[in-house]
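Open the model in a viewer and keep a selection box at hand. The stops below go from one selection to the next.

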Amino acid sequence: MARQLRPVELEFVEVAPVRFFFEQEMSAAPEAVFGALADDVPGWSEWFASVTSARPVDGGARRDIRLKGGGRFLETVIAVKPPEVYGYRVDRTNAPGARALAEEWRLIPSGAGTRVRWTFAADGTAAFRLVVRLARPGLGRAFRGAVISLDRRLAAG
C-alpha cells in the first residue's frame, strides 16, 4: 500500500534528520550529465542498477520510479537549474515508516568533466531512520556505480 509523504522543497536536503552526501568525478561535461538526469528519465534504468523502471509523469513534472526489491516512488521534480541542480521529492512510496524523502543532484564543473554531488535526505519513524542509516554504505555503492555507468554511457554517445 502506497503512503502519502509530507511535501518538502529543496531546502529539506539541508535540514532533514537523515542526510547523506556522496561525490564522484565524471569525465562528461555538466550539460551532458544534466541532460541524462532531467531529460532522459526512462534512461535511468539503463545506468542506475537499482532502478528497474523510470518514467516521466505529468509532462515531466513528476516521475514514477521502481527499484529492485519492489520499492516504488512517485516523485515531484522540485529543482531544475541547468546544468547545475536537479532535485525531486517523493510524494508516495511503499517504504514503511517514511515521512519525507528528497534528493538533490548538484553538478560542479571539474576540469573538462563534472563532480557530481548527490544528497539523499529522509525523515520518518525512528525505525525508518535507523534502517536508512544502516543502508548508507549500500546507497554510496549504488551512487558510485550509477555515476560510473552513466559516464560510460555518455562517452559511448
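The tour covers the nonpolar cores, a pocket, several salt bridges and two strand residues.

This is a predicted model, in which local features need pLDDT of at least 70 and side-chain atom pairs count only at pLDDT 80 or more, while totals for chains, interfaces and linings use all residues. Residues are numbered from 1 along each chain as its sequence is written, and side-chain values use heavy atoms, with hydrogens and water left out.

**Cores**

Select Trp44, Tyr86, Leu101 and Trp105: these have the most contacts inside the largest nonpolar core, which has 39 residues. A nonpolar core here is a set of buried Ala, Val, Leu, Ile, Met, Phe, Trp, Tyr and Cys residues joined through side-chain atoms within 4.5 Å. Buried means under 20% relative accessible area, exposed over 50%, and partly exposed in between, with a 1.4 Å probe and protein chains only. Next, select Val8, Ala16, Ala102 and Ala121, which are among the seven residues of a second, separate core.

**Pocket**

Which residues are the closest to the centre of the largest pocket? Select Leu67, Phe73, Glu103, Phe120 and Leu139, out of 32 that line the pocket. Its volume is about 710 Å³. A pocket is an open set of points on a 1 Å grid over the protein atoms alone, where a 1.4 Å probe fits, with protein on both sides within 12 Å along at least five of seven lines; lining residues have an atom within 4 Å of a point. Grid points are joined across faces, edges and corners, and the volume is the space filled by probe spheres set on the points.

Colour the lining by class to find 22 nonpolar, six polar and four charged residues; Pro counts as nonpolar and Gly as polar in this scheme. Elements that give two or more residues to the lining include strand 7 (98–110), strand 8 (113–124) and helix 5 (136–156). Helices (H or I, at least four residues) and strands (E, at least two) are DSSP runs, numbered from the N terminus.

**Salt bridges**

The model has 14 salt bridges, each a side-chain nitrogen of Lys or Arg within 4 Å of a carboxyl oxygen of Asp or Glu.

Select aspartate 123 and arginine 6, whose closest N and O atoms are 3.4 Å apart. Aspartate 123 lies in strand 8 and arginine 6 in the loop between strand 1 (3–4) and helix 1 (12–15), 117 residues apart. Aspartate 123 is buried at 12% relative accessible area, whereas arginine 6 is partly exposed at 37%.

Move to aspartate 40 and arginine 153, a salt bridge with its closest N and O atoms 3.4 Å apart. Here the loop between helix 2 (30–39) and helix 3 (44–47) is linked to helix 5, with the partners 113 residues apart. Aspartate 40 is partly exposed at 29%, and arginine 153 is partly exposed at 34%.

Then select aspartate 91 and arginine 89, where the closest N and O atoms are 2.7 Å apart; both residues are buried. Add Glu9, Asp58 and Arg62 to show the network that salt bridges with shared partners form with Arg89 and Asp91.

**Two strand residues**

Arginine 55 is in strand 3 (residues 51–57) and is partly exposed at 45% relative accessibility. Leaving out residues up to four places away in sequence, arginine 55 touches Val41, Arg62, Arg63 and Asp64, contact meaning heavy atoms within 4.5 Å.

Finish at aspartate 64, in strand 4. Is aspartate 64 buried or exposed? Aspartate 64 is buried, at 8% relative accessibility. Beyond four places in sequence, its contacts are Ser53, Ala54, Arg55, Val57, Phe73 and Leu74.
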